[in-house]
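Got a few minutes for some helix and pocket practice? Have a look at the model, then work through the exercises below.

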Amino acid sequence: MNEKKYLIIIPTKKIGGTNTSLNEFVTYLAKKRVNVDILCLDHQGNFIPDKCSILSEDMILKALISPKKAFFSANIKEKISISLLYLLQPLKYKLCCHELNKITNINEYDVIIAYEEGETTKFVSNIVFDKKIAWIHCDYMRLYEKKDIKIYKNYSKIICVSNTTRNNFIKCFPEFNNKTFRLYNLLNVDTILNKSKSVIDYKKDKFLIISVGRLDRVKQFDKLPIIAKQLKEKGLEFEWLLIGDGSRIYKKEILEEIERHSVNDYFKLIGEIKNPYPYMLLADLVVCSSISEACPYVIKEAMVLNKFIISNDFTSANEMLNEYTNSCICRLDKFCDAIFKIYVERRLEKKVLFNYENVNKNIEQEYDALFNL
């Protein structure tokens, strides 16, 4: 069997759910003897995927994502090209396609994948190539613009990471129903279980609640300190750790909320941690407070670790937790009562073991069929 070769294009190397899922996808492709090149438009971030080659950063392509940073880092010739990108907007993506052809020979690839929405998907849409895939990791109804139909008509397949995501995308673009597919993100169960056993410098001595994610308003982390205050007032002895990094402005707001509600000893923002799994393994409860998620990664990881999960009530949370009994879905304003009730009723001690390995095998079979591997 001849080995295949894929080119996957992503915006940045920032750590998050999308790039975490990409790493698992690349691992899956390696098992199927598919060679992968990753083109990262902006190398900002610490994400380093396994089992693939990362193409060198290019200042012209970086200007799609970070124009100011690219301009000030560029040489004279690159500065001229970057200026042209924004002076000649209708030709922007054609100029970038020309730049791509200088970096690599696209005819070497069997498939080109735009692995995230936005500039990445717009750019790949302009590449003259038969087998192009767009990957949707968001609720597209929040991004919808009618003119985007011109982008997606240039793709042979569109992949959405949940039924919720697919349904909302099709509401926006019903004409693409026949080429739009649902594929859940893969998880490397063994890796998560092994990493969860890593030794960390943390001693658990209280009821432990964990929240994990990038600091973004969609996660509603700024609304958690008041819930911590309510639990404190109920007399619950606990520690709530928020793991993640992101917007400095939003981080400041979260810290201000912690101060305002006097829960510094109860609710702690501990920043980005490359391996959050030992903390999740120690946790009595994993909390997902997002307004919405395409395919909530932290929920799936918590399922692998058989953690009790409380999630805000959004469609994909219901989809993910449909068969997972160790969970509670409710509105954010009910979190305090739900957490306290779960603690008092000792529901955490009556967990039903869940085998995520079987779920993952079924998902992998769907990948095999869709990619013909």
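Here come three short exercises, each with a worked solution.

This is a predicted model, so local features need pLDDT of at least 70 and side-chain atom pairs count only at pLDDT 80 or more, while totals for chains, interfaces and linings use all residues. Residues are numbered from 1 along each chain as its sequence is written, and side-chain values use heavy atoms, with hydrogens and water left out.

**Exercise 1.** Work out how helix H1 and helix H16 cross, and which residues make the contact.

Solution. Start with the axes: those of H1 (residues 17-31) and H16 (residues 356-371) come within 12 Å and cross at roughly 70°. That makes H1 roughly perpendicular to H16 (65 to 115 degrees counts as such). Next, the hand: H1 passes H16 in a right-handed crossing. Now the contact (heavy atoms within 4.5 Å): H1 brings Phe25, Tyr28 and Lys31, and H16 brings Glu364, Tyr367, Asp368 and Phe371. Finally, sort these residues: 4 are nonpolar, none polar and 3 charged.

**Exercise 2.** Do the same for helix H10 and helix H15: what is their angle, and which residues meet?

Solution. H10 (residues 224-233) packs against H15 (residues 335-344) at about 45°, their axes 9 Å apart. That makes H10 oblique to H15 (oblique is what remains after under 35 degrees for roughly parallel, over 145 for roughly antiparallel and 65 to 115 for roughly perpendicular). The crossing of H10 past H15 is right-handed. From H10, Ile227, Gln230 and Leu231 meet Phe335, Cys336, Ile339 and Phe340 of H15. Sorting this contact gives 6 nonpolar, 1 polar and no charged residues.

**Exercise 3.** Describe the lining of the second largest pocket: which helix gives the most to it?

Solution. First, the volume is about 370 Å³. Then count the lining: 16 residues, with Tyr184, Glu319, Met320, Glu323 and Val359 nearest the pocket's centre. Two or more residues each come from helix H13 (297-304), helix H14 (315-320) and H16. H16 gives the most, with 6 residues. By type, the lining holds 8 nonpolar, 3 polar and 5 charged residues.

Technical notes:
Axes fitted to C-alpha atoms, helices over the stretch in contact; angles between N-to-C directions. Helix = DSSP H or I, 4+ residues; strand = E, 2+ residues; numbered from the N terminus. Left-handed = near helix turned anticlockwise from the far one by under 90°. Nonpolar A, V, L, I, M, F, W, Y, C, P; charged D, E, K, R; others polar. 1 Å grid on protein atoms, 1.4 Å probe; cavity = no way out; pocket = protein on both sides within 12 Å on 5 of 7 lines; lining within 4 Å. Points joined across faces, edges and corners; volume = space filled by probe spheres on them.
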